[in-house]
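Reader: I would like a close look at one helix of this model and at how the parts around it fit together. Please take it step by step.

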Amino acid sequence: MTPIAEGIFVLCAAMTAAGALIAALSRRVIRSVCGLALCCLGLAGLYYFLRSPFLALMEVLIYVGAVCVTIAFAIMLAEPDEPEARTARQVSRRWGALALVVGAALLAGLLSLSLGHPWPAPAPRPSEGSVAAIGLALLTTYSVPFELISLVLLVAILGALGIARTGRHAA
Amino acid sequence: MSLYDRPEPYLALAAFLFAAGVYGLLRRRTLIGMLIAGELIFSAASLNFVALNRFAAPEPAQGQVFVLFIMGLAAAEVAIALSVVIAVYRNYRSIEADELAELRG
């Protein structure tokens, strides 16, 4: 049982890392959307291993099902491929090196922070985070943010419609 | 103790996701590429929330509720950002970030 579960865990982690690499590195934007989808599938598996199956379901539903599909639609409407560099090659390469240095420094710092000292053993908990517990927390402790999120989503939908409508006839 | 019952792999993976997102955000020249890199950063934060909630916090539902809020905000952000991208493409025929320099003094 345990070796199989460990293998699945390693597979999920590798999917997440590979998806993130594809999303960050590939030159064509449609490939990086596919990388994002792969990364989110792996993340859903990791959430399952962290004993939050509801979050795993929501990750697949929202990120793979909504966010990636919406980005794919936007790619079909615009021409988003990375253009050939028009600035001097020297400047572009220097900018890339700077981005690499910043990313590597962040990675090293965060890794040394999170792996540098031993973590305490997980505390015993009174209950598991079941769907019922999440629903109860959403409707009691977090009811105000919950309502605010629904308001934000409504405003975002209306705003997106309004912004995308303007200039439609001018084009 | 097996690999998936320790916080270190999750935290290392979250750090990697964050670094990849920052690298992509700096490296990309199109708006949609930057948006995808931003989503990677959101994912890193969510993974950190769930992992620390699982291993360090006594209340089991708290981190999951936070990640649900992050997902809702990310969905709203993507909707707004993509409609801005479409509007920009209609006006400029390009979504390269360097070309949107009309307000430069």
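Author: A residue is buried if 20 or more other C-beta atoms lie within 10 Å of its own. With that cut-off in hand, take helix H4 of chain A, which covers residues 89–115. This is a predicted model, and what follows was computed from it. H4(A) has 27 residues, of which two count as buried, so the helix is hardly covered. Over chain A as a whole, 27% of the 171 residues are buried.

The length of H4(A) can be checked against its residue count. At 1.5 Å a residue, its 27 residues should span 39 Å, and the C-alpha atoms at its ends are 38 Å apart, which agrees.

Now place the helix in its chain. Chain A has six helices and zero strands, so its elements, read from the N terminus, run α-α-α-α-α-α. The domain assignment gives chain A a domain 1 (1–84) and a domain 2 (130–163). Between the centres of these two domains, taken over C-alpha atoms, there are 24 Å. Among the contacts in chain A that join residues at least 6 apart in sequence, 46% link residues at least 24 apart.

Next comes the contact with the other chain. Chain A puts 75 residues into it and chain B puts in 63. H4(A) is among the helices that each supply at least two residues to the side of chain A that touches chain B; H1, H2, H3, H5 and H6 of chain A are the others. Sorted by class, that side of chain A consists of 57 nonpolar, 13 polar and five charged residues.

Last, the nonpolar interior. The largest nonpolar core has 77 residues, and those with the most contacts inside it are B:Ala14, B:Leu17, B:Ile32, B:Leu40, B:Leu47 and B:Val85. In chain A, helices H1, H2, H3, H5 and H6 each supply at least two residues of this core, and in chain B helices H1 (7–27), H2 (31–56) and H3 (62–92) do so as well. H3(B) gives the most, with 14 residues. Domain 1 and domain 2 of chain A both contribute residues, so the core lies between them.

One residue of the core can be followed further. Apart from its neighbours within four places in sequence, B:Ala14 is in contact with B:Ala44, B:Leu47, B:Asn48 and B:Ala51. Of these, B:Leu47 is also listed among the core residues with the most contacts.

Conventions
Residues numbered from 1 in each chain as written. Chains lettered and ligands numbered in written order. Predicted model: local features only at pLDDT ≥ 70, side-chain atom pairs only at ≥ 80, totals over all residues. Contact = placed C-beta atoms within 7 Å. Helix = DSSP H or I, 4+ residues; strand = E, 2+ residues; numbered from the N terminus. Nonpolar A, V, L, I, M, F, W, Y, C, P; charged D, E, K, R; others polar. Core = buried A, V, L, I, M, F, W, Y, C linked by C-beta atoms within 7 Å. Buried ≥ 20, exposed ≤ 12 C-beta atoms within 10 Å, placed from the backbone. Domains from an automatic or database assignment. Expected span 1.5 Å × (residues − 1).
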